Amino acid sequence: MRRRNALSPQTMAAQALHMLDGENGAVVPAMHSASTFARDENYDLQDGFVYSRYGSPTTSQGERIIAELEGAASSLLFNSGMSATVALVEALPMGAHVVAQSMMYHVGLNWLNRQAARGVIGFDSFEAGNLAALEAAIKPEKTKLVWIETPANGDWSITDIAVAARLAHAAGAILMCDSTAAPPCTTRPLALGADLSFHSATKYLNGHSDLTAGVLSAKDGLPIWEGILEVRSFQGTVLPGFEAWLLIRGLRTLFIRYAQASKNAMELARHFESHPAIERVLYPGLPSHPGHVVAKQQMTGGFGGMMSLLLKGKEGRALKAAKACNVFIPATSLGGVESLIEHRHTVAGPDYGIPENLLRLSIGIEAVDDLIADLEQALEAGH
Ligand SMILES: *Cc1c(COP(=O)(O)O)cnc(C)c1O
């Protein structure tokens, strides 16, 4: 590999760290699917790889690229975001106290509640974006992990990562930031003081809705890091070679995809903010969003494509509008090149406090006029 000191992250992503295949000069790295690796004549491992449950060359290339983009000492790829979550909680000391938001990715919240119910962890939640509530929920010397998600699923509330890190560290806890909605082209949580950065790489990092993956990235010398790797090796939840290869391909266009989604989302948010059928647009890029000032500081590469619309009018209108879309696809997930619309209240169920009149949008890279026109007609149809 050639040295590329001081290149910008955008260049490193576009060139996949310039990982040319040494054998033949192919500008795209080869995909490795081997489950086992031969030793040399001295019975030594040739490149550190033993058996694919522990890791393999293509996966480790993906990890190097993400670590570089995150400014991390090291990254670990998992076969889903949730398996990364499970490994992190599993690596905590038995009975450790965990603090997380009451509004966050709902399956992750389920997992924390479930582990708390089994006595594996102690768990308290706080209102997303409310730093005083976070401070009150932390138990000095007992809390081991503070878990934030910013922007957070649902209302896209923003948490000041640097302040959350100070609060966590003052109590002897580490801070994990789920930055799925704010990939490293806009936010680098480790640089702001977080100890761990988390992504569902299923979303923006891959960006093409054709794989599930998760990634944790750590600053240097984090004590829990070895334990997380051990759990991944026991569970076999490492990202396989083919998915890692697809993910590397997706990462190469991360910056341009995210910039276009951010541009589309801003235009769409502004358009619907004053629309007669809309009560509120929840988008951190709008000055009316309560987290806007902090978002502007910590999302330096754009506000992304995630927003929610709160509709006016009688119950059932939001679901009707979601069904009436022709360009927006009525599916869950986020961060892909295609725009998605979801009635979260129906999908997650009534237990998560998601308003009935809320529509969650993941804005893609299509022509924004098509997206705006589609929502206009869907709101009319849902009337
Ligand atoms: C999707 C998602 C996850 C879970 O990741 P999977 O890849 O679906 O397992 C976690 N956090 C956030 C914010 C997500 O959007």
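In this predicted model, Trp-156 sits in the loop that runs between β4 and α6. Its backbone is a bit unusual: phi comes out near 60 degrees, a positive value in a residue other than glycine. Trp-156 is also buried, with a relative accessible area of 0%. The loop between β4 (143-149) and α6 (161-170) holds Pro-151 as well, and a cis peptide bond joins Thr-150 to Pro-151, with omega at about -10 degrees. For context, most residues other than glycine have a negative phi, and most peptide bonds are trans.

Leu-17 is another non-glycine residue with a positive phi, again near 60 degrees. Leu-17 belongs to the loop between α1 and α2. With a relative accessibility of 3%, Leu-17 falls under the 20% cut-off and so counts as buried.

The loop between α1 (9-14) and α2 (57-70) is also home to Val-50. This residue helps build a nonpolar surface patch of about 330 Å², together with Leu-45, Tyr-51 and Tyr-54. How buried or exposed are the patch members? Val-50 is partly exposed, at 35% relative accessible area. Tyr-51 gets the partly exposed label too, at 38%, and Tyr-54 is likewise partly exposed, at 42%. These values lie between the 20% and 50% cut-offs, which is why the three residues are put in that class.

Turning to ring contacts, the structure holds five aromatic pairs. One of them is made by Tyr-51 and Tyr-54, an edge-to-face arrangement with 6.2 Å from centre to centre and 65 degrees between the planes. Another edge-to-face case is Tyr-204 with Tyr-258: the ring centres are 5.1 Å apart and the planes stand at 75 degrees, so the pair clears the 60-degree cut-off for that label. Tyr-204 comes from the loop between β6 (196-200) and β7 (214-218), while Tyr-258 is part of helix α9 (residues 254-273), so the pair ties together parts that are 54 residues apart in sequence. Both of these tyrosines, Tyr-204 and Tyr-258, are buried.

Charges over rings turn up as well. Tyr-54, already seen in the nonpolar patch, has Arg-53 lying over its face, at 5.2 Å from the ring centre. Tyr-54 therefore combines partial exposure at 42% with a ring partner in Tyr-51 and a charge over its face from Arg-53. Elsewhere, the charged end of Arg-232 sits over the ring of Phe-78, at 5.8 Å from its centre.

How values were computed:
Residues are numbered from 1 along each chain as its sequence is written. This is a predicted model: local features need pLDDT of at least 70, side-chain atom pairs count only at pLDDT 80 or more; totals for chains, interfaces and linings use all residues. Side-chain values use heavy atoms; hydrogens and water are left out. Patches are made of residues with over 30% relative accessible area and no salt bridge: like charges are joined within 9 Å, nonpolar side chains (Val, Leu, Ile, Met, Phe, Trp, Tyr) within 5 Å. Accessible areas come from the Shrake-Rupley method with a 1.4 Å probe; for residues, only the protein chains shown count as cover. A salt bridge is a side-chain nitrogen of Lys or Arg within 4 Å of a carboxyl oxygen of Asp or Glu. Helices (H or I, at least four residues) and strands (E, at least two) are DSSP runs, numbered from the N terminus. Buried means under 20% relative accessible area, exposed over 50%, partly exposed in between (1.4 Å probe, protein chains only). Rings of Phe, Tyr and Trp (its six-membered ring) pair if their centres lie within 6.5 Å; planes under 30 degrees apart count as stacked, over 60 as edge-to-face and the rest as tilted. A charge sits over a ring if NZ of Lys or CZ of Arg is within 6 Å of the ring centre and within 35 degrees of the ring normal.
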